[in-house]
Amino acid sequence: MRIRSEEAINESSFPGSILPVNRLDKNLSVIVRFFVLAVMSAMLLTACGSNGVSGQNVSGNVSDSVGDASLHMGSDEPLLKQDSLWSDGNSLKAMIISDLHYTEYKEVDHKSVPGMAVAEEIADTIVQEVISKHPDVFIMTGDNTNSGYSGDVSGLIAKLRKIKDSGIPVIVTTGNHDFDLMNEAEYEEAYSELPDPVDRDPSSLSYTAIVKDVVFLAMDDKALHIGAQGEFSDETMKWLRAMLEKYKGRKVVFLSHHNVLYGTGEKGEESHVIHNKELPQVLRDGGVKLVITGHMHSQYITEADGLWEILSGMPYSGKHLMGNLAVGDDRMVYYAEPIDFDTYGSSVEPELQKLEAESSDFLKETLSGLLEGEGLQGVKKENVLKLIERFFLYYEEGSIAEHKEDLKKDPNYKDMLKALWNHNYGPWMESMIENTKHSGRELEIVM
């Protein structure tokens, strides 16, 4: 949702939903943001009753191998958190978030995105955790503020300055929402103190940063002439190819806000996939194994022909995940886990839980009315509601792959799809369940 003026900051941003807003009917438009962003509170965790990873419910571990990479699934604490790369002093360690949508405006729609009502406190928690854990680099992949409002940008920069002043390099890419109220020159001036570029693209805000011999391509994919979409100019694509040639044989990680692989070839891809069709092959040809993006606000991992993409979730919603990446001589490992509120944000946790409970009640009430409109009543409606809640819980935490068979075997599965089919969510949910192959939370790549 584009905010038109500094005085109009009274609504949370429309998230990078997999479905663009113009494909949603009026009945669903009220709940779309909540569907994709809202935190599933403790009520939903107990309602799920699944055998896989849901809150503290832990099942056996599964390992899924694809080519030179493997994904580990099914443990409440990520298996790869114990990998030897984390204790290897020579490996690079990074902490990663996307879509912070930072705002200091308190009157946001907390029923849609509960965490945004305490955005400052959550950002402070992230900063404290990053400084305490002290990775080699901290990365943000766009939509850093909710609208590009100058006051929010100044507040965020002040917080990120604490990370940099502690000796941790900061890499920040642009996102579409960073330019709602700020132009390119203003953005560059505001954020200039944070990154330490090695190379700059003269045609965009793209740059390279090198930390522990790992080259990060921090790309500016904004395409303001076509709205909140992603596209590189011919000049930037030429620069990208030159950088891949320059750093050929080095460890290179590609960073952008919009997606590279996720949802390509599907209806509506133009809303979230970078438009340059040749991009994935350019990256493969340049030796890139990993791209890290955002925009969709939920954890997801996908792969195509040896190129892997990690979509980072939104810290204000879902499981409040932060990504952790270690890059060694011949391997990369990644896992996502929740922000440690107990240690670094105990003061905000009670308020956040209250906001999430209100959001959960709002979701249930809204969904109940929608299903009743489709003719579902009584026990059948309640069972379909529980199944929808389970689906979005798994979607937010990046665990659809672990739970897809359980979802499909649920006796209410077909009723759920039928009830939501004409609202666009039925086809999307079916596609996600059928086509999601990998855990969204852990990945190991052999280089």
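A residue counts as buried when its relative accessible area is under 20%, as exposed when over 50%, and as partly exposed in between, using a 1.4 Å probe and protein chains only. This is a predicted model, in which local features need pLDDT of at least 70 and side-chain atom pairs count only at pLDDT 80 or more, while totals for chains, interfaces and linings use all residues. Residues are numbered from 1 along each chain as its sequence is written, and side-chain values use heavy atoms, with hydrogens and water left out. The protein chain has 447 residues, of which 60% count as buried.

**Overall make-up**

- The protein chain contains 14 helices and 15 strands; these are DSSP runs numbered from the N terminus, with helices (H or I) of at least four residues and strands (E) of at least two.
- Among contacts in the protein chain with a separation of 6 or more, 71% join residues 24 or more positions apart, where contact means heavy atoms within 4.5 Å.

**Helix H7**

- Thr236, Met237, Trp239, Leu240, Met243 and Leu244 are the buried residues in H7.
- These residues lie on the same side of H7 because they cover an arc of only 160 degrees around its axis; the arc is that of the directions from the helix axis to the C-beta atoms.
- Asp234, Lys238 and Glu245 are exposed, on the face of H7 turned away from its buried side.
- The cover over the buried residues of H7 includes strands E6 (199-200), E7 (207-211), E8 (214-218) and E9 (251-255), together with helix H8 (279-285).
- H7 runs over residues 234-246, and its 13 residues reach 18 Å from first C-alpha to last, close to the 18 Å expected; the expected span of a helix is 1.5 Å times one less than its number of residues.

**Nonpolar cores**

- A nonpolar core is a set of buried Ala, Val, Leu, Ile, Met, Phe, Trp, Tyr and Cys residues joined through side-chain atoms within 4.5 Å.
- The largest nonpolar core has 39 residues, and Ile126, Phe138 and Tyr316 have the most contacts inside it.
- Two or more residues of this core come from each of strands E3 (92-97), E4 (137-141) and E5 (170-173) and helices H4 (119-133), H5 (150-165), H6 (184-191) and H10 (349-373).
- H4 gives the largest share of this core, 6 residues.
- Leaving out residues up to four places away in sequence, Ile126 touches Ile97, Leu100, Phe138, Pro315, Met322 and Ile339.
- Another core, of 30 residues, lies apart from it and includes Val384, Ala419, Leu420 and Tyr425.

**Aromatic rings**

- The structure holds 13 aromatic pairs; rings of Phe, Tyr and Trp (its six-membered ring) pair if their centres lie within 6.5 Å, and planes under 30 degrees apart count as stacked, over 60 as edge-to-face and the rest as tilted.
- Phe179 and Tyr187 form a tilted pair, because their ring centres are 5.1 Å apart and their planes are at 35 degrees.
- Phe179 is buried, with a relative accessible area of 6%, and Tyr187 is buried at 5%.
- Phe391 and Trp428 make an edge-to-face pair, with 5.6 Å from centre to centre and 85 degrees between the planes.
- This pair links distant parts of the chain, since Phe391 is in helix H11 (residues 378-397) and Trp428, 37 residues apart from Phe391, is in helix H14 (residues 425-435).
- Both Phe391 and Trp428 are buried, and they belong to one aromatic cluster with Phe392, Tyr395 and Tyr425.
- The charged end of Lys222 sits over the ring of Phe179, 5.0 Å from its centre; this requires NZ of Lys or CZ of Arg within 6 Å of the ring centre and within 35 degrees of the ring normal.

**Helix H11**

- H11 is largely enclosed by the rest of the structure, because 14 of its 20 residues are buried.
- The end C-alpha atoms of H11 are 29 Å apart, which agrees with the 28 Å that its 20 residues should span.

**Backbone angles**

- Most residues other than glycine have a negative phi.
- Asp99, which is not a glycine, has a positive phi of about 55 degrees; Asp99 is in the loop between E3 and H4 and is buried, with a relative accessible area of 0%.
- Lys212 is not a glycine either and has a positive phi of about 50 degrees; Lys212 lies in the loop between E7 and E8 and is partly exposed at 37%.
- Gly398, just after H11, takes a positive phi of about 75 degrees.
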